[in-house]
Each structure stands twice: as structure tokens, then as C-alpha cells.
Amino acid sequence: MKLLHLDASALGSHSVSRGLTAAIVAELTANNPQTEVIYHDLVANPLAHWTAVADASDPVAVQGSQMIEEFLAADVVVIGAPMYNFSIPSQLKAWIDRIAVAGKSFRYTANGPEGLAGGKRVIIASSRGGIYSEGSAAQPMDFQETYLRALFGFLGVTDLEFVRAEGVNFSEDHKVEALKTAHASISVATRKAA
């Protein structure tokens, strides 16, 4: 199994999403010891924001080709996606701009866009300081999970799972409970991915 692991939190060892992705990857690799893991820390080694590149030998173009090829080759993709100001970190958006490529991960047809990146499992570790899940008063401000669902659906990924810890900034007790709930859902997500 090929597993692509991405972290996008700027909080380092204080990051909730980094802790969750590490636990997800640990469980997946424990269940599948032959797993090949490719890891990118998108904060420690950020991608340049997308710009038009005319020369295929340009380092930015080479890096972009690497990102799309890794994504397409992966059987499972584990992404740490904290909510920053109701959306995702710009570092993660820079990676997304490398993998959402017409003719590679999707194409336009007479019947509309068609995703070409199906057949893989994507598990997203979502962390949020507040509560934005379905039914909450803040749900209309969720441009994090709604964006990621739309994006991966557009690319043809139908096997998408969220491991969510939210309300982690309410209090230490609430954070402990949110993490307990998130960790309990990891087993469910990883069993589906195996």
C-alpha cells in the first residue's frame, strides 16, 4: 500500500491535527507493515504558491509534477487540515493547487468535469478551535470541511473520511474530550482504509 501523509499546521508539537495524522498513520502502518509512506510537512518545507510556469525544468514545475504524481499513486492519503479563519492553511492550499490539474486529476468533458483521481481513500484530520459541525450555530462559517469535500469530490475521490476534533479552544476539559472522540474515530477510519 502507498500512503501519502501531509501536515499543514503551523503549531508544531502543539498541533492537534499533527497528533491525529500521526495516530492515523501509525494505525494504518501497524495493520499493513509493508506500507510505503511518503511524508510532507507543508509548513517546514512549504510549496511556493501557484504561478504559471513556462519551463518544465523550472524547480517549481518539477516540484508540482512530484506532488501530483505522489497523489495519483497513493492508495491512501492522510491530511492534517486545521481550520484557520474558517478555512484551510495557505500551505495546504498551495499543495492542492499542485494536485488539482486538468488532464491529470480531472478533465473537462461534454457532460461537465470528470474526476480522474478516484480509487483512493482520503482521511482528513480536521481540528477546530470552535464548533462548526452540522447543526451548530457556526456551521455556515465552515469553509474548511465543505471546501475539502467539494475539492476531493471534484477530483473523483468518493472514499473520504474526516477525523474531527473541534471545540479544542473552549477549555482544557473540552479539548481532552474532543481528542478522545477523535481518537476513537481513528479505528473506524483506518479499518475502512485497510
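## Where two helices meet, and the sheet beneath

Val60, Gly64, Met67, Ile68 and Phe71 in α2 meet Trp95, Arg98 and Ile99 in α3, where contact means heavy atoms within 4.5 Å. Sorted by class, the residues of this contact are six nonpolar, one polar and one charged. Here Ala, Val, Leu, Ile, Met, Phe, Trp, Tyr, Cys and Pro count as nonpolar, Asp, Glu, Lys and Arg as charged, and the others, Gly among them, as polar.

Before going on, a word on what you are looking at. This is a predicted model, in which local features need pLDDT of at least 70 and side-chain atom pairs count only at pLDDT 80 or more, while totals for chains, interfaces and linings use all residues. Residues are numbered from 1 along each chain as its sequence is written, and side-chain values use heavy atoms, with hydrogens and water left out.

The names α and β follow DSSP runs, numbered from the N terminus: helices are H or I runs of at least four residues, and strands are E runs of at least two.

**Helix α3 and its company**

The axes of α2 and α3 come within 8 Å of each other and cross at roughly 80°. Axes are lines fitted to C-alpha atoms, for helices over the stretch in contact, and angles run from 0 to 180 degrees between N-to-C directions. The two helices are therefore roughly perpendicular; angles of 65 to 115 degrees get that label, under 35 degrees is roughly parallel, over 145 is roughly antiparallel, and the rest are oblique.

Now look at the partner α4 (residues 145-154): its axis and that of α3 (residues 90-99) come within 12 Å and cross at roughly 15°. That makes α3 and α4 roughly parallel to each other. The crossing of α3 with α4 is left-handed, meaning that the near helix is turned anticlockwise from the far one by less than a right angle (clockwise would be right-handed). On the α3 side you find Lys93, Trp95, Ile96 and Ile99, and they meet Tyr147, Leu148, Leu151 and Phe152 in α4. Seven of these contact residues are nonpolar, none is polar and one is charged.

Which residues of α3 are buried? They are Leu92, Ala94, Trp95, Ile96, Arg98 and Ile99. Buried means under 20% relative accessible area, exposed means over 50%, and partly exposed is in between (1.4 Å probe, protein chains only). The buried residues of α3 pack against β1, α2 (59-73), β3 and α4.

**The sheet**

Five strands form an open sheet in the order β2-β1-β3-β6-β7, with parallel pairing. Why do β2 and β7 each have a side without a neighbour in the sheet? Both β2 (36-41) and β7 (159-166) stand at the edges with a single partner strand each, so one side is left free of a neighbour. From one strand to the next, the twist averages 15°. Two strands count as paired if DSSP finds at least two bridges between them.

Here are some of the residues that stand opposite each other:

| Residue | Partner | Strand of the partner |
|---|---|---|
| Leu4 | Val77 | β3 |
| Val78 | Ile123 | β6 |
| Ala81 | Ser126 | β6 |
| Pro82 | Ser127 | β6 |
| Ala125 | Val163 | β7 |

Strand β1 (residues 2-7) pairs with β3 over five bridges, in the parallel sense. Seven bridges join β3 to β6 (residues 121-128), again parallel, and eight bridges link β6 with β7.

In a regular strand the side chains alternate between the two faces of the sheet. In β3 (residues 76-82), seven of seven residues are buried: Val76, Val78, Gly80 and Pro82 point one way, and Val77, Ile79 and Ala81 the other. Eight of the eight residues of β6 are buried too, so β6 is largely enclosed by the rest of the structure. Arg121, Ile123, Ala125 and Ser127 cover one side of β6, with Val122, Ile124, Ser126 and Arg128 on the other.

Helix α2 lies across β1, β2 and β3, running at about 140° to β2. Helix α3 packs on the sheet as well, touching β1 and β3, and its direction makes about 145° with that of β3.

**One residue to look up: Phe106**

Phe106 sits in strand β4 (residues 106-109). Is Phe106 buried or exposed? Phe106 is buried, with a relative accessible area of 7%. Setting aside neighbours within four places in sequence, Phe106 is in contact with Ala100, Val101, Glu114, Gly115, Leu116, Phe154 and Leu155. Pro33 is 73 residues from Phe106 in sequence and 32 Å away in space, C-alpha to C-alpha.
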